[in-house]
Amino acid sequence: MKQQIFLSSPKQVSFGLLALRVAFGCFMMVHGLQKVMGFSTISEGFPDPLGMGHQLSLVCAIATEVGCSILLILGLGTRVAVLGLAFTMFVALFLVHGSDPWKVKELAAVYLATYAVIFITGPGKLSLDQKLFGKNEPNEN
C-alpha cells in the first residue's frame with residue numbers, strides 16, 4: 001500500500017508525461033492560434049527583441065507556438081520541439097518582459113520550467129518518438 005502511494009510505476013510516469021505534453025502543448029497552441037487570428041492587428045506592434053522585424057518575429061512565434069506544440073502533443077521530435085518552445089519562453093521572460101513585474105512574466109517562467117523538465121525526461125513511452133526510435137522492450141507495469 002505504501003509503495004502505491006509514495007512510488008510511481010513506469011506506466012504511471014508514462015501517463016504523467018503524456019498528460020504534461022498534451023496539456024502544455026494545447027495551452028501553448030492556444031497562444032499561437034490567438035496570434036494567427038489577430039495577425040493583421042498585432043503584427044506592426046509585436047515585440048521585436050531579436051531585431052528581425054515585427055512581422056517576422058510574429059511569424060516565428062506563431063510557427064513555434066503552433067508547430068512545436070503539435071510535435072509536443074504527438075511526442076514527435078519532442079526534445080527539438082521543446083528547445084524551440086523553451087527559447088521562445090526564454091525570450092518572452094528575459095527580453096520582452098524582463099523589466100515587468102513577476103505577475104506579468106510568471107506564465108513564461110512556468111512554461112520554460114515545464115519545457116526544461118520535458119527536455120530532461122524525454123517524451124515518455126506513450127509518444128511517437130518511442131514508437132519510431134525506441135528499443136523494443138518488454139512491457140513494464
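The following legends accompany views of a predicted model of one protein chain.

**Figure 1. Overall fold of the protein chain.** The predicted chain contains 7 helices and 0 strands, arranged along the sequence in the pattern α-α-α-α-α-α-α. The C-alpha trace spans about 55 × 35 × 20 Å along its principal axes. Among contacts with a separation of 6 or more, 63% join residues 24 or more positions apart.

**Figure 2. The largest nonpolar core.** This core comprises 17 residues, of which Met28, Leu72, Leu85, Met89, Tyr111 and Tyr115 touch the most other members. At least two core residues come from each of helix H2 (10–37), helix H4 (54–74), helix H5 (78–96) and helix H6 (102–121). The greatest contribution is that of H5, with 7 residues.

**Figure 3. Surroundings of Leu72.** Neighbours within four places in sequence are disregarded in this view. Leu72 is then in contact with Arg21, Phe24 and Gly25, with Thr78, Ala81, Val82 and Leu85, and with Tyr115 and Ile118. Leu72, Leu85 and Tyr115 are also among the residues that touch the most other members of the largest nonpolar core.

**Figure 4. A separate nonpolar core.** Apart from the largest core lies another, made up of 6 residues. Its members include Phe46, Leu58, Ala61 and Ile62.

**Figure 5. Surface and charges of the protein chain.** Of the 141 residues, 33% count as buried. The chain exposes about 8,800 Å², and carbon and sulfur atoms supply 69% of this area. The chain carries 10 positive and 8 negative charges, and the mean positions of the two sets are 13 Å apart.

Terms used: Residues numbered from 1 in each chain as written. Predicted model: local features only at pLDDT ≥ 70, side-chain atom pairs only at ≥ 80, totals over all residues. Heavy atoms only, no water. Core = buried A, V, L, I, M, F, W, Y, C linked by side-chain atoms within 4.5 Å. Buried < 20%, exposed > 50% of the residue type's maximum accessible area, 1.4 Å probe, protein only. Helix = DSSP H or I, 4+ residues; strand = E, 2+ residues; numbered from the N terminus. Contact = heavy atoms within 4.5 Å. Areas by Shrake-Rupley, 256 points an atom, 1.4 Å probe, with all protein chains shown as cover. Lys, Arg positive; Asp, Glu negative; His and termini not counted. Charge placed at Lys NZ, Arg CZ, Asp CG, Glu CD.
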